[in-house]
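Reader: Got a minute to walk me through this one? Start with the basics, then pick a helix.
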Amino acid sequence: LRLQTIEYNSLGGDEPYSIYLMQMAPGDIVEAQFSDNNPPLYELILHYWISVFGTDEWAVRLPSVLFSSGTLLILFLLAWRHSSLTVASTVGLLFILSNYQQEYAQHARAYALLGMNSTASMFFFAELLRALRIHPVDRSTWRIPRKWRFATGGLLLSNLLLLYTHYMGLLLVVAQLLVIFSSIRRIRMAWK
């Protein structure tokens, strides 16, 4: 579905600017983006992508399609892990049929990558909260459970990628910190 009309609209909006940036040297991309409005992760990914696949419309839009598909997979796993297969299937179907998601999956901009990193961040955040409730620290050895390490590592990596994708990702990180700070009492009770 995401590939169906990928070349229907010609490049427009900010897409030509993204393609212009992608063709620069990596150091120049970083310098241009940090003085601009977004961090450079998406343009750096596409810089190496176009060196293999070229700068045709479908070629520069294909990473966004892949990021959107990755978002679907992570969203499905998040809903399945924390609810049911029925809910996960419904959420996946709604995501697939969303015109908004279809549009941004076919733009050579960072929005699909932002969506994938945001969804991954929330997946690992939910896993961390679940691990904190279910697997408390063994006070005799003070060993951190494996589930905590997996969730914390995934959360840190996805949040780092999120912050290097778009500055709006900072709002999600702040929201997660607020949830953790507001849940300190409940986390302490789980440890006891």
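Author: Sure. This is a predicted model. In the protein chain, 40% of the 192 residues are buried.

Reader: And how much surface does the protein chain expose?
Author: About 11400 Å². Carbon and sulfur atoms supply 65% of that area.

Reader: Secondary structure next. How many helices and strands?
Author: Ten helices and zero strands in the protein chain. Read from the N terminus, the order is α-α-α-α-α-α-α-α-α-α.

Reader: What about contacts, what share join residues at least 24 apart?
Author: 69%, counting contacts in the protein chain between residues at least 6 apart in sequence.

Reader: Now a single helix. Where is α5, and how far does it reach?
Author: Helix α5 covers residues 85-97, so to speak 13 residues by the DSSP runs. From first C-alpha to last, α5 reaches 18 Å. That is close to the 18 Å expected at 1.5 Å a residue.

Reader: Which residues of α5 are buried?
Author: A88, G92 and F95.

Reader: Why do they line one face of the helix?
Author: Look down the axis of α5: the buried residues fall within an arc of 60°, so they sit along one face.

Reader: What covers them?
Author: The cover over the buried residues of α5 includes α4 (57-82) and α6 (99-104).

Reader: Flip to the face turned away from the buried side. Which exposed residues does α5 carry there?
Author: T86, L94 and L97. Exposed here means over 50% relative accessible area.

Reader: Good, that's what I needed.

Key
Residues are numbered from 1 along each chain as its sequence is written. This is a predicted model: local features need pLDDT of at least 70, side-chain atom pairs count only at pLDDT 80 or more; totals for chains, interfaces and linings use all residues. Side-chain values use heavy atoms; hydrogens and water are left out. Helices (H or I, at least four residues) and strands (E, at least two) are DSSP runs, numbered from the N terminus. Buried means under 20% relative accessible area, exposed over 50%, partly exposed in between (1.4 Å probe, protein chains only). Contact means heavy atoms within 4.5 Å. Accessible areas come from the Shrake-Rupley method with a 1.4 Å probe; for residues, only the protein chains shown count as cover. The expected span of a helix is 1.5 Å times one less than its number of residues. The arc is that of the directions from the helix axis to the C-beta atoms.
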